[in-house]
Each structure stands twice: as C-alpha cells, then as structure tokens.
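Please open the model in the viewer and keep the sequence panel beside it. The tour below proceeds by selection, with a short account of what is found at each stop.

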Amino acid sequence: MRDALVAAAFRLFLERGYEQTTVDDIVALAGVGRRSFFRYFPSKEDVVFPDHERCLADMTAFLAAGPDDDEPVRRVCDAARLVLRMYAENPTFSVQRYRLTKRVPGLRAYELSVVWRYERALAEYLRGRFAGRRDGTLRADVIAAAVVAAHNNALRSWLRSDGRDDAEAAVDHALGHVQAAFGAAPVPAALPPADGDPEDVVVVVARRGAPLWRVVQELESVRGRG
C-alpha cells in the first residue's frame, strides 16, 4: 500500500505538477481512501521523502551500536554512507525526486529540515564521544556539519549525472577530506635504520591540540630531509 501510494503520487507529480496534485488525486489513482494515505504519510510532502524516517532510524542505531574504541570521525562518515545507499537503491526514483525538489520551493525547505535531522544525529553521537574534551561540543558540531556538506556535495553531483556516475566513489572521495581534516591518522610503522647508520631520534614541536595527522605529516617531512 505504501509503495503504491508513492508510485501514484510521483506519476501525478510528473504528469500534472506537484502543486496541481492533491491528496484526493493520489488516493483515487492508488484506489484507496484518504485515511489510508494519512496512515502512512502525515502530509503530501512526506510522500516525496518516504524513506528518510527509516534511514534516520538506521543511522541512529548504527551510531549507537559502535564500540567505544571506534574512531568517531570514521564512524560518522560510515553512518553518512547509509544515506547514500538509500538513494542508490533506486536511482530512477532518487533522480525524479531531485528534479522535483529543485522546482518546488516548499519541497526544498522540507528537504533542508530532513538534512538537519541527519546532522543533529551525527552531532549528538560526536558530542557523546567528545564529552569532557576542550571544545568537545564545538568540534562535534563542526565535524557533523562537514560530513553532511561533503556527503551532499557528492550526492548532488551523482544526481546531476542522472544516477550514471559512481555514487560510492564520489562520496568516498568527499568524505576522505573530512577524515583527513578531523580524523585520527594511523601512525606509520617505523622503518628499519639503513645498514651501518645509527638510529636517529627526531623531536617535533607541535601546538597543543594539533591533529595527529599533522604531527605525522611533519615527522614524515623531517625524515624526508634527513
């Protein structure tokens, strides 16, 4: 029933336009009553975004299930990929919705409210992980916003290609910038000293709070000059 209502709604939106289509039109085409429609969708706007409630619940559960030793920035990046997979499950529908929301200001505003809920879920998880740290709340909110911005940039690029490009590759590339800027980079294994050379001791002075990846970058730079 739910899928039939979505299919009927989008058929009418494409044929008549969103503003010209009423809930009565949708239920008539689907062959159900108004009560059936509102059992699944609180409003006409909700039928355009039928999968976001499920996806938001999946994201929240995924974040809550993460182990305490999981790197938090990597975890929120992986959570954002759940949204991408939801779009990629049905490229035709996702592209149609993208075109529709571009034409209807009210739907764009509704979509922004949905995006904000995803960002809030990421930020709440990060606030818990960064609790007790200096500027922990600020860092959580900044990273959550960066993840959403990177994900949406890649997602829109894929939608503009009519779903033909590689969505996962685009999102991986975009989220890689977030991971590089805010995540904890793994420390590379120490290289053995060259034959006959004594082991060197390198001291690097870094600002308090500098991200680990920047410290590692400086170490590699010093090694390269040696």
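A residue counts as buried when its relative accessible area is under 20%. Select Thr101 to see the term applied: its relative accessibility is 2%, so Thr101 counts as buried. The model is a predicted one.

**Stop 1: Thr101 and helix 7**

Thr101 belongs to helix 7, which comprises residues 91–103. Which residues does Thr101 contact, leaving aside its neighbours within four places in sequence? They are Phe49, Leu107, Arg108 and Glu111.

Now extend the selection to the whole of helix 7. Its 13 residues should span 18 Å at 1.5 Å a residue, and the end C-alpha atoms are 19 Å apart, which agrees. The buried residues of this helix are Phe93, Ser94, Val95, Arg97, Tyr98, Leu100 and Thr101. Display the surrounding helices as well: the buried residues of helix 7 pack against helix 1, helix 4 (44–48), helix 5 (52–64), helix 6, helix 8 and helix 9.

**Stop 2: Val6 in helix 1**

Select Val6, which is placed in helix 1. With a relative accessibility of 10%, Val6 counts as buried. Not counting residues up to four places away in sequence, Val6 touches Phe41, Val47, Pro50 and Phe93. Add Phe37 and set a distance between the two C-alpha atoms: Val6 and Phe37 are 9.7 Å apart in space, although 31 residues apart in sequence.

**Stop 3: the aromatic rings**

Show the aromatic side chains next. The structure holds seven aromatic pairs. In one of them, Phe10 and Phe13, the ring centres are 5.7 Å apart and the planes stand at 65°, so the pair is edge-to-face. The limit that decides this is 60 degrees, since planes over that angle count as edge-to-face. Phe10 and Phe13 are three residues apart in helix 1 (residues 2–16), and therefore about one helical turn separates them. An α-helix has 3.6 residues a turn, so residues three or four places apart point the same way. Both Phe10 and Phe13 are buried.

A second pair to select is Tyr40 with Phe41. Their ring centres are 6.5 Å apart and their planes are at 45°, so the pair is tilted. Are the two residues buried or partly exposed? Tyr40, at 35% relative accessibility, counts as partly exposed, whereas Phe41, at 2%, counts as buried.

Return to Phe10 and Phe13 and add Tyr18 and Phe93: ring pairs link these four residues into a cluster. Tyr18 also has a charged partner, as the charged end of Lys44 sits over its ring, 4.2 Å from the centre. For another charge over a ring, select Arg139 and Phe130; Arg139 lies over the face of Phe130, at 5.5 Å from the ring centre.

**Stop 4: the annotated span**

Select residues 22–41. An unreviewed UniProt entry annotates this span as "DNA-binding region". The span is 75% helix and 0% strand, and its end C-alpha atoms lie 13 Å apart.

**Stop 5: two loop residues with positive phi**

Most residues other than glycine have a negative phi. Two aspartates may be inspected with this in mind.

Asp135 is found in the loop between helix 8 (105–129) and helix 9. Its phi is positive, about 55°, although Asp135 is not a glycine. At 48% relative accessibility, Asp135 counts as partly exposed.

Asp162 is placed in the loop between helix 9 and helix 10. Phi of Asp162 is near 65°, again a positive value in a residue other than glycine. With a relative accessible area of 32%, Asp162 is partly exposed.

**Stop 6: helix 10**

Finish with helix 10, residues 167–182. Where is its N-terminal cap? Asp166 caps that end, with a side-chain oxygen 3.2 Å from the backbone nitrogen of Glu168. Helix 10 has 16 residues and reaches 23 Å from its first C-alpha to its last, close to the 22 Å expected at 1.5 Å a residue.

Colour the buried residues of helix 10, which are Ala167, Val171, Ala174, Leu175 and Val178. What covers these residues includes helix 6 (72–88) and helix 9 (136–160).

Methods:
Residues are numbered from 1 along each chain as its sequence is written. This is a predicted model: local features need pLDDT of at least 70, side-chain atom pairs count only at pLDDT 80 or more; totals for chains, interfaces and linings use all residues. Side-chain values use heavy atoms; hydrogens and water are left out. Rings of Phe, Tyr and Trp (its six-membered ring) pair if their centres lie within 6.5 Å; planes under 30 degrees apart count as stacked, over 60 as edge-to-face and the rest as tilted. Helices (H or I, at least four residues) and strands (E, at least two) are DSSP runs, numbered from the N terminus. Buried means under 20% relative accessible area, exposed over 50%, partly exposed in between (1.4 Å probe, protein chains only). A charge sits over a ring if NZ of Lys or CZ of Arg is within 6 Å of the ring centre and within 35 degrees of the ring normal. Contact means heavy atoms within 4.5 Å. The expected span of a helix is 1.5 Å times one less than its number of residues. A polar contact is a pair of N or O atoms within 3.5 Å; within protein, one must be able to donate a hydrogen and the other to accept it, and residues adjacent in sequence count only if both atoms are side-chain atoms. UniProt positions are given in the numbering used here, feature names are shortened, and annotations may be inferred rather than shown by experiment.
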